[in-house]
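Work through the exercises below with the sequence and the structure open beside you. Try each task before you read its solution.

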Amino acid sequence: MRKRAYVVAALAAVGALAVVSVGSYAIAGSGKSTFKAKEMSGYFEPPAVSSAASGSFEAKLVGGAIQYELSYSGLEGTVLQAHIHFGQPATNGGISAWLCGTAANPGPAGTPTCPASGTVTGTITPAAVVGPAGQGIALGQFDELVSAMRAGATYANVHSTVQPGGEIRAQIKARNGDDEGNDGDENKNDKNKNDKNKNDEDGND
Ligand SMILES: [Cu+2]
C-alpha cells in the first residue's frame, strides 16, 4: 500500500509539473499587450536635451510579434536611427530592437527607413531582437524584451545628427486591452506638445 501511495504521489507530482509548465506558457503569452510611450521629449534623455522635437510611440503584441508605430516631428538634427532600448527611466541602456534606420545606420534586414518627420510603422519579430546581450537579453530573446516592456524597463529613442545619443525619448508603458482610445491620446499629445510641466510629471511616473 505504501509503495502504491508513493507511485500515486509521484504521478500526481508529474501531473503538477505538467500543469506548471502549461501554466508558464500561458503566463508568457498573456499579460498586457498594448504599449505606449507618449510625449517623447529631449527632457527624458540623460543628460537632458533641449529640443523642440516631439514624438510618440505605440505598439501591440500580435501573433508573437510587436507591431509598432513611431511618430516624431521637429527634430533639430537629421534623424539617424530609432530604437527600443532596455533601460529604466533616466538611464541609458543598450539597443533591444530597431524601429527605423537610415542609409548610414540601416539596422538589421527589414528595418524600415526613418522619415525626416512623420510616422513609421514596422514589426519586431523574435529574430529582430538584437540584445542587449551585456544586459542579459541575448539575440532573439523576444519574451525577455516583452517582459521588460511590461515592466516599464524600456524606452523609445530617436537619434539625430545634432544629438547622436538621442534627441527625444520616452519610457514605454504597458496597458491593458487593445489600442482603442489611442486617437484621443494622440490628440492629447498634440495639445500638450509644448506643455513642459506635464512632460516633467510624466517623466517622474
Ligand atoms: Cu537608440
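The exercises start with the whole predicted model and then turn to its parts.

**Exercise 1. Reading the confidence**

Task: Find what average pLDDT the protein has, and where pLDDT stays under 50.

Solution:
- Step 1. The average pLDDT of the protein is 81, and 71% of the residues score at least 70.
- Step 2. Over residues 1-28, pLDDT stays under 50, and the model has 1 contact beyond four places in sequence for this stretch.
- Step 3. Over residues 179-205, pLDDT also stays under 50. For these residues the model has 21 contacts beyond four places in sequence.
- Step 4. Where pLDDT is low, the predicted coordinates should not be read in detail.

**Exercise 2. Listing the elements**

Task: State how many helices and strands the protein has, and in what order its elements run.

Solution:
- Step 1. The count is 4 helices and 9 strands.
- Step 2. Starting at the N terminus, the order is α-β-β-β-β-β-β-α-β-β-β-α-α.
- Step 3. Of the 205 residues in the protein, 36% are buried.
- Step 4. Take the contacts with a separation of 6 or more: residues 24 or more positions apart account for 59% of them.

**Exercise 3. The open sheet**

Task: Give the order of the strands in the open sheet of 5 strands, and say which strands stand at the edges.

Solution:
- Step 1. The order across the sheet is β6-β3-β2-β1-β9, with antiparallel pairing.
- Step 2. β6 (118-124) and β9 (173-175) each have a single partner strand, so one side of each has no neighbour in the sheet; these two are the edges.
- Step 3. From one strand to the next, the twist averages 20°.
- Step 4. Now look at one pair: strand β1 (residues 34-40) and β9 run antiparallel and are joined by 3 bridges. T34 has R175 in β9 as its bridge partner.

**Exercise 4. Strands β7 and β8**

Task: Work out how β7 and β8 are joined, and which way the residues of β8 point.

Solution:
- Step 1. Strand β7 (residues 154-160) runs antiparallel to β8, and 4 bridges join the two.
- Step 2. Opposite Q171 in β8 stands Y155.
- Step 3. In a regular strand the side chains alternate between the two faces of the sheet.
- Step 4. In strand β8 (residues 168-171), I168 and A170 point one way, while R169 and Q171 point the other way. All four are buried.

**Exercise 5. The buried side of helix α2**

Task: Name the buried residues of α2 and explain why they are on the same side of α2.

Solution:
- Step 1. The buried residues are F142, L145, V146, A148 and M149.
- Step 2. They lie on the same side of α2 because they cover an arc of only 160° around the axis.
- Step 3. An α-helix has 3.6 residues a turn, so residues three or four places apart point the same way.
- Step 4. The strands that the buried residues of α2 pack against are β1, β2, β4, β5, β7 and β9.
- Step 5. Take V146, found in helix α2 (residues 142-150). V146 counts as buried because 24 other C-beta atoms lie within 10 Å, and the cut-off is 20 or more.
- Step 6. V146 and L61 are 85 residues apart along the chain, yet their C-alpha atoms are separated by 8.5 Å.
- Step 7. Just after α2 comes G152, with a positive phi of about 80°.

**Exercise 6. Unusual backbone values**

Task: Find where E39 and A90 lie, whether each is buried or partly exposed, and which peptide bonds at P47 and P132 are cis.

Solution:
- Step 1. Most residues other than glycine have a negative phi, and most peptide bonds are trans.
- Step 2. E39 has a positive phi, near 55°, and its place is in strand β1. With 22 other C-beta atoms within 10 Å, E39 is buried.
- Step 3. A90, which is not a glycine either, has a positive phi of about 65°. A90 is in the loop between β4 (79-86) and β5 (95-100). It counts as partly exposed because it has 14 C-beta neighbours inside 10 Å.
- Step 4. The bond between P46 and P47 is cis, with omega about 0°. P47 is in the loop between β1 and β2 (54-62).
- Step 5. The bond between G131 and P132 is also cis, with omega about 0°. P132 is in the loop between β6 and α2.

Methods:
Residues are numbered from 1 along each chain as its sequence is written. A residue is buried if 20 or more other C-beta atoms lie within 10 Å of its own, exposed if 12 or fewer, and partly exposed in between; C-beta atoms are placed from the backbone. Two strands pair if DSSP finds at least two bridges between them. Axes are lines fitted to C-alpha atoms, for helices over the stretch in contact, and angles run from 0 to 180 degrees between N-to-C directions. The arc is that of the directions from the helix axis to the C-beta atoms. Two residues are in contact if their C-beta atoms, placed from the backbone, lie within 7 Å. pLDDT is the predictor's confidence in each residue, from 0 to 100.
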